[in-house]
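Hi there,

Here is the structure I promised to pass on. Have a look at it first, and my notes on what turned up follow below.

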Amino acid sequence: MITVCLHGAESTGKSVMAARLGLPWVPEYGRTYCEERGTDLAMADLLAIAEGQAEASRKAMAAAPAVLLLDTDQLMTAAWAQMLFGEVPEALMGYPKADHYLLFSPDVPWRDDGTRFFGTDEARARFAALAEEMLVRAGVPFSRIGGSWDEREVQVRAAIRDLKESESPGG
């Protein structure tokens, strides 16, 4: 099984992409959490979101699909913690990591869906930088995804195909 995490600032197409690819995927738990409880978050909420995401991922992994997409993970929650509170609890960095991360660039229009925070160009750029910083800090492999919506899909599909080929015998 290969796990691929879609990572990056909000409103960059991660959830839409996960749903479009036709692969098993773990939705973003934080969105559901905020829709149910509101967006006035404390650090305890981020830790609860991280654990909820981990539980959903564990359940999906039990089915052992060839490829499992994760629509975010705790490294993105770590970026949220840094952005909102100026610190990252070590617990957020200690969760299991995906095999590969696809870092979505904030080069598409931002859209408010009622659970988003950082719509200004400055805030969005800072959040995107923090998202990348968490990948670097964790030392995980990642590829950049950017461009138009169609270009993003082509890039994501190519990255997943390449990962599958590298995992296959003789690949």
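In this predicted model, α2 and α3 are oblique to each other, because their angle of about 130° falls outside the ranges for roughly parallel, roughly perpendicular and roughly antiparallel, the last of which starts over 145 degrees. The two axes lie 8 Å apart, and the crossing is right-handed. On the α2 side the contact is made by Tyr-29, Gly-30 and Tyr-33; α3 brings Asp-45, Ala-48, Ile-49, Gly-52 and Gln-53 to it.

A little more on α3, then. Its 20 residues should span 28 Å at 1.5 Å a residue, and the end C-alpha atoms are 29 Å apart, which agrees. Among the buried residues of α3 are Met-43, Leu-46, Ala-50, Ala-54 and Ser-57. The buried residues of this helix pack against β2, α2, β3, α4 and α5. After α3 comes Ala-64, with a positive phi near 50°.

Leu-46 is worth finding on your screen. Beyond its neighbours within four places in sequence, Leu-46 touches Leu-41, Thr-77, Trp-80, Ala-81, Leu-84, Phe-85 and Leu-92. Leu-46 is also listed with Leu-75, Tyr-101, Phe-127 and Met-134 as having the most contacts inside the largest nonpolar core, which has 35 residues. Elements that each supply at least two residues of this core include α2, α3, α4 and α6, as well as the strands β3 and β4. Apart from it lies another core of 15 residues, including Leu-6, Leu-21, Val-156 and Leu-163.

Best wishes

Key:
Residues numbered from 1 in each chain as written. Predicted model: local features only at pLDDT ≥ 70, side-chain atom pairs only at ≥ 80, totals over all residues. Heavy atoms only, no water. Core = buried A, V, L, I, M, F, W, Y, C linked by side-chain atoms within 4.5 Å. Buried < 20%, exposed > 50% of the residue type's maximum accessible area, 1.4 Å probe, protein only. Helix = DSSP H or I, 4+ residues; strand = E, 2+ residues; numbered from the N terminus. Contact = heavy atoms within 4.5 Å. Expected span 1.5 Å × (residues − 1). Axes fitted to C-alpha atoms, helices over the stretch in contact; angles between N-to-C directions. Parallel < 35°, antiparallel > 145°, perpendicular 65-115°, else oblique. Left-handed = near helix turned anticlockwise from the far one by under 90°.
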